[in-house]
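Here is a brief report on one chain, written to be read beside the coordinates. Please keep the viewer open while reading.

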Amino acid sequence: MQYISLLKARNGISKEMLARRASWRYPEGLRPIAEYWMNAEGLVVIAVYELGDFTVLDKVNSQWSDIFEISTAPAISVEKAMYLAERL
């Protein structure tokens, strides 16, 4: 299933944060689809990925929750949403 996580920096962007991200890899069981870093107030990261086991996400969130406020929700593509809407 696909999920989207929104991450808001707790204390703004730092060199340490960027270095940490540069060396970090997505864990097995979580397949990244896209990751965007927005130049917005509070720095927002949008991560889109597929996930089979939700416990993998808990592990990832615990690795980043010290510097980001993280919210995650299931997501579907607009094509799939339109397909489902036609069947209502």
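The text below covers the sheet, the helices packed on it, and one loop with its surroundings. The model is predicted.

**The sheet**

Four strands make up an open sheet, ordered 2-3-1-4, with antiparallel pairing. Strand 2 (30–38) and strand 4 are the edge strands. Each has a single partner strand, so one side of each is left without a neighbour in the sheet. On average, neighbouring strands are turned by 20° against each other, direction ignored. As background, strands of a sheet pair through backbone hydrogen bonds, either parallel or antiparallel.

Two of the pairings can be set side by side.

| Strand pair | Sense | Bridges | A residue pair |
|---|---|---|---|
| Strand 1 (residues 2–9) and strand 4 | antiparallel | seven bridges | Tyr3 opposite Pro74 |
| Strand 2 and strand 3 | antiparallel | eight bridges | Pro32 with Tyr49 |

In the first row, Pro74 belongs to strand 4. In the second, Tyr49 belongs to strand 3. Strand 2 and strand 3 also form a hairpin. Five residues lie between them. Gly42 sits in that turn and has a positive phi of about 85°.

**Helices on the sheet**

Helix 1 (residues 15–23) lies across strand 1, strand 2 and strand 4. Helix 1 runs at about 155° to strand 2. Helix 2 (residues 54–64) packs on the sheet as well. Its contacts are strand 1, strand 2, strand 3 (44–51) and strand 4. The direction of helix 2 makes about 160° with that of strand 4.

**The loop after strand 4**

Strand 4 (68–74) is joined to helix 3 (78–86) by a loop that holds Ile76. Ala75 has its place in this loop too. What does Ala75 touch, not counting residues up to four places away in sequence? Its contacts are Gln2, Tyr3 and Ile4. Tyr3 is also the residue that stands opposite Pro74 in strand 4. Ala75 and Trp64 are 11 residues apart along the chain, and their C-alpha atoms are separated by 21 Å.

Is Ile76 buried or exposed? Ile76 is partly exposed, because its relative accessible area is 44%, and buried means under 20% while exposed means over 50%. Ile76 also contributes to a nonpolar surface patch. Tyr83 and Leu84 make the patch together with Ile76, and its area is about 290 Å². Patch residues need over 30% relative accessible area, and Ile76 has 44%.

Methods: Residues numbered from 1 in each chain as written. Predicted model: local features only at pLDDT ≥ 70, side-chain atom pairs only at ≥ 80, totals over all residues. Heavy atoms only, no water. Patch = residues over 30% accessible without salt bridge, like charges linked within 9 Å, V, L, I, M, F, W, Y side chains within 5 Å. Areas by Shrake-Rupley, 256 points an atom, 1.4 Å probe, with all protein chains shown as cover. Salt bridge = Lys/Arg side-chain N within 4 Å of Asp/Glu carboxyl O. Helix = DSSP H or I, 4+ residues; strand = E, 2+ residues; numbered from the N terminus. Buried < 20%, exposed > 50% of the residue type's maximum accessible area, 1.4 Å probe, protein only. Pairing = 2+ DSSP bridges. Axes fitted to C-alpha atoms, helices over the stretch in contact; angles between N-to-C directions. Contact = heavy atoms within 4.5 Å.
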